[in-house]
Amino acid sequence: MKDAVRRLNDEYGFKLTDKEIDIVAQQAEEAALLFRPLFEVDVDDITPLTKVDKRVIATPAQKGKKK
Amino acid sequence: MKDLDLAGLTISEVAPLIKKKQVSPLELAKNYLDRIGKLNPKLNAYLAMCEDEALAAAKKAEREIRQGNYRGPLHGIPFSIKDNICTKGVVTTAGSKILADWVPNHDATVVERLRAAGTIILGKTNMHEWAKGSNSINPFYGTPYNPWDTSCIPGGSSSGSAVAVAAGMCMGSIGTDSAGSVRNPASLCGTVGLKPTFGRISSYGGVAGTGGYTVNHFGIFTRSVRDCALVLNDTAGYDPKDPISSDAPIMNYTKTLGAPVKGMKIGLIKNYFDQATVSEVRQAFDEALRTLKSLGMKTQEIEIPHIDLIPAAQAASTRPEANSDHDHYLRTRPRDYSPGLLYNLIAGLLTPAPVYVHAQRVRRLICQEFDEAFKSVQLIVAPTIFAPAPSIDDCNRGYIEADGKNINLQDRAGNFLTRYTIPFNVTGLPDMSVCCGYSSKGLPIGMQIVAPPFREDIVFQVADAYERSTAWHKRNPPL
């Protein structure tokens with residue numbers, strides 16, 4: 001991960017010190033560990049969440065309405 | 001004008017007096033500005049005041065009301081706006097050094113709607129740098145202080161808004177909430193804090209880079225549940241300027257206030273909210289549950305099978321979304337971020353795209369699990385935060401001491417102070433924090449009330465019933 005941070009450091013021109021590169025790399029490693037369990041979930045038939053109102057639960061008044 | 005004690009004053013109390021011309025909007029605005037002048041040096045709640053504009057708006061409100069053109073319950077009501085929400089002609093910093101001098105040329109939709117309702121905008125409130133944190137220790141503008149104990153943080157990121165409402169420095173405030181940034185400071189400062197359903201209030205005019213696109217919500221701070229309903233009435237609704245704004249029908253949110261809650265079923269989620277809750281919060285929450293049961297409500301344990309993945313889904317969503325907005329400044333002004341935020345943003349650049357997309361799929365799965373749970377319960381309640389407000393020293397050293405142990409304020413997912421609120425950002429569910437007690441040190445404790453999407457009416461009904469049965473919300477900070 002340190003190499004990846006160094007590449008970003010060069011590309012963006014952050015001028016990070018070695019100590020700062022260590023801190024960022026450690027954070028990125030922690031994040032990678034955090035994200036790993038997401039891939040242990042079976043989401044084969046599930047599309048990404050885009051908009052909440054696609055799953056509106058009808059209010060009692062709406063439920064009772066005739067079409 | 002009637003002699004009003006501004007501490008603890010609610011919109012619902014003063015609005016009828018304004019309507020009857022017993023309270024002058026101009027005198028009210030002047031009184032609030034005086035109070036801010038006295039308290040702000042101690043609390044640091046406001047970053048910028050709009051004194052001239054506020055007095056002009058108050059004069060206009062007074063004239064209109066005198067002429068019989070009363071607009072409604074927010075007419076003449078003093079408000080504040082978090083400093084990451086655009087206000088035309090007023091510097092809007094987002095708590096950052098980078099935007100220290102930025103003056104928007106437009107109002108956010110929520111500000112437009114508040115102005116249309118006749119509110120008086122007093123100023124812009126302090127916040128965590130770029131809204132990327134919840135302790136609000138801000139190296140550029142100073143830390144806002146918790147009015148209940150100024151050695152403690154007020155929470156965040158909408159810290160100044162919560163402080164201003166709790167301390168009687170305005171009657172309502174608008175904040176933003178990507179991970180708990182309205183509910184968290186509401187809980188720590190003892191106010192009502194509503195994060196409505198995703199898309200319920202337009203987020204047009206929110207400063208880019210201060211909230212993940214798929215998890216950010218505009219929210220409301222007030223002193224009472226009824227006040228909050230009044231504010232939502234005037235701010236909710238579809239906005240063609242905001243692509244993620246919802247066209248789901250709005251309602252009169254005061255309609256369910258006072259309605260009986262007998263027979264309603266409360267869901268209690270297993271194995272998430274009890275992981276680190278300190279004993280004082282647990283006791284206050286248990287007592288709140290007893291109160292709700294005494295009103296005839298029932299409880300039922302519910303399971304959200306993938307709830308443990310919420311911190312990962314939240315982080316995997318917000319980090320890339322934030323980076324999309326910060327790329328330009330990361331390339332041009334990296335050292336104008338505080339070091340901690342800079343490191344966090346750089347680490348966020350290393351989040352692979354498949355992680356982001358996969359997190360959105362897991363989010364839908366979790367939403368479906370909540371939908372399933374809501375088939376057997378009408379609402380969910382939980383503590384808002386695992387502990388009362390930590391001290392500033394606690395935050396600087398990274399842990400609190402409670403129940404004979406040290407509890408870290410950071411974990412792998414980032415911020416532990418938002419662990420209990422992020423489930424409702426990931427799912428977009430409406431969620432309100434209300435005060436449910438005080439710690440032995442006199443610090444407020446919050447309970448969150450959550451309902452299915454767009455059922456803010458249920459949130460208001462239950463929160464109002466709870467508020468009527470308790471007196472926590474009547475306490476004022478010792479200022």
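Hi everyone, let's start at a loop: Gly263(B) sits between helix H7 (225–235) and strand S7 (265–269) of chain B. Keep in mind that we are looking at a predicted model. Is Gly263(B) buried or exposed? Gly263(B) counts as exposed, because it has 10 C-beta neighbours inside 10 Å, and the cut-off for exposed is 12 or fewer. If you look from Gly263(B) to Phe79(B), you cross 37 Å, C-alpha to C-alpha, and the two are 184 residues apart in sequence.

Now step back to the helix before that loop. H7(B) is mostly covered, with 9 of its 11 residues buried. Among them are Val225(B), Cys228(B), Leu230(B) and Leu232(B), but also Arg226(B) and Asp227(B). After H7(B) comes Gly237(B), which has a positive phi near 125°.

Next, the core. Here is a handy general idea: in soluble globular proteins, nonpolar side chains tend to be buried together. In our model, the largest nonpolar core has 161 residues, and those touching the most other members are Ile120(B), Leu122(B), Ala313(B), Leu379(B), Val434(B) and Ile449(B). Which helix gives the most to this core? That is helix H2 (residues 25–43) of chain B, with 8 residues. Let's zoom in on Ile120(B): leaving out residues up to four places away in sequence, its contacts include Pro25(B), Ala29(B), Ala54(B), Ile77(B) and Phe79(B). You met Phe79(B) a moment ago, as the far end of our line from Gly263(B).

On to a pair of helices. Helix H9 (residues 310–332) and helix H11 (residues 353–373), both of chain B, pack with their axes 9 Å apart, at an angle of about 135°. That angle makes H9(B) oblique to H11(B), and the crossing is left-handed. Who meets whom? From H9(B) we have Ile310(B), Ala313(B), Ala316(B), Ser317(B) and Pro320(B), and they meet residues of H11(B) including Val355(B), Tyr356(B), Ala359(B) and Arg363(B). By type, the residues of this contact are 9 nonpolar, 2 polar and 1 charged. Ala313(B) is worth a second look, since it also appeared on our list of best-connected core members.

Last stop: where the chains meet. Chain B brings 43 residues to the contact, and chain A brings 31. On the chain B side, H9, helix H10 (339–348) and H11 are the elements that give two or more residues. H11(B) gives the most, with 12 residues. Sorted by type, the chain B side has 27 nonpolar, 9 polar and 7 charged residues. So when you turn the model yourselves, try following H11(B): it packs with H9(B), and it also touches chain A. Thanks for listening!

Methods
Residues are numbered from 1 along each chain as its sequence is written. Chains are lettered from A and ligands numbered from 1 in the order in which they are written. This is a predicted model: local features need pLDDT of at least 70, side-chain atom pairs count only at pLDDT 80 or more; totals for chains, interfaces and linings use all residues. Helices (H or I, at least four residues) and strands (E, at least two) are DSSP runs, numbered from the N terminus. A residue is buried if 20 or more other C-beta atoms lie within 10 Å of its own, exposed if 12 or fewer, and partly exposed in between; C-beta atoms are placed from the backbone. A nonpolar core is a set of buried Ala, Val, Leu, Ile, Met, Phe, Trp, Tyr and Cys residues joined through C-beta atoms within 7 Å. Two residues are in contact if their C-beta atoms, placed from the backbone, lie within 7 Å. Axes are lines fitted to C-alpha atoms, for helices over the stretch in contact, and angles run from 0 to 180 degrees between N-to-C directions. Angles under 35 degrees count as roughly parallel, over 145 as roughly antiparallel, 65 to 115 as roughly perpendicular and the rest as oblique. A crossing is left-handed if the near helix is turned anticlockwise from the far one by less than a right angle, and right-handed if clockwise. Ala, Val, Leu, Ile, Met, Phe, Trp, Tyr, Cys and Pro count as nonpolar, Asp, Glu, Lys and Arg as charged, and the others, Gly among them, as polar.
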